[in-house]
Amino acid sequence: MQYEAAEAWAAAYMAAAGGGGRMWDPAVERVERLAAENAVVIFSMSSCCMCHAVKRLFCGMGVNPTVYELDEDPRGKEMERALARLLGSSAVPVVFIGGKLVGAMDRVMASHINGTLVPLLKEAGALWL
């Protein structure tokens, strides 16, 4: 109960203060915090074939991503809406590398094809080769 009251107070405060350009959203903050805790973070759905493909891509490269299965998390729907706000669309998987949003499958594959994915992974400390 105290947590919800604190969130409501902070949201009201940020709205009154102008929000620094973006309205404070506890779900977005939670996603960003989770994304920053590990070198590679994937927000996924357990039954999604594209999510499976991106997880296999990273594992095949020798990267051990942290995966949050949104359909198995009690706050998954909240996080899914927050990811949609961050991305501008509601696509999974959503990949963060080094705490930075890379994007959905199309952006990850484009980075892999154009050769920028490996340097990102090295910079984040997820790949040493």
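A salt bridge is counted here when a side-chain nitrogen of Lys or Arg lies within 4 Å of a carboxyl oxygen of Asp or Glu. The structure above is a predicted model, in which local features need pLDDT of at least 70 and side-chain atom pairs count only at pLDDT 80 or more, while totals for chains, interfaces and linings use all residues. Residues are numbered from 1 along each chain as its sequence is written, and side-chain values use heavy atoms, with hydrogens and water left out.

By the salt-bridge rule, the count comes to five. One of them joins K100 and E123, whose closest N and O atoms are 4.0 Å apart. K100 lies in strand β4 (residues 100–103) and E123 in helix α6, so this pair ties together parts that are 23 residues apart in sequence. Helices (H or I, at least four residues) and strands (E, at least two) are DSSP runs, numbered from the N terminus. To describe how open a residue is, buried stands for under 20% relative accessible area, exposed for over 50%, and partly exposed for anything in between (1.4 Å probe, protein chains only). K100 is exposed, at 54%, and E123 is exposed too, at 65%.

Another salt bridge brings together the side chains of D25 and R85 (2.2 Å, N to O). D25 sits in the loop between α1 (2–17) and α2 (26–36), whereas R85 belongs to helix α4 (residues 76–87), 60 residues apart. D25 counts as buried, with 18% relative accessibility, while R85 is partly exposed at 49%.

Helix α3 also takes part, through a salt bridge between K55 and E69 (2.7 Å, N to O). This pair links helix α3, where K55 lies, to E69 in strand β2, 14 residues apart. Here E69 is buried at 18% relative accessibility, and K55 is buried at 15%.

How far apart are the end C-alpha atoms of α3? They are 16 Å apart, in agreement with the 16 Å expected for the twelve residues of this helix (residues 49–60) at 1.5 Å a residue; the expected span is 1.5 Å times one less than the number of residues. In α3, the residues C51, V54, K55, L57 and F58 are buried. They cover an arc of only 155 degrees around the axis, which puts them on the same side of α3; the arc is that of the directions from the helix axis to the C-beta atoms. On the other side, C49, R56 and G60 of α3 are exposed. The buried residues of α3 pack (heavy atoms within 4.5 Å) against elements including β1 (40–44), β3 (94–97) and α5 (105–114).
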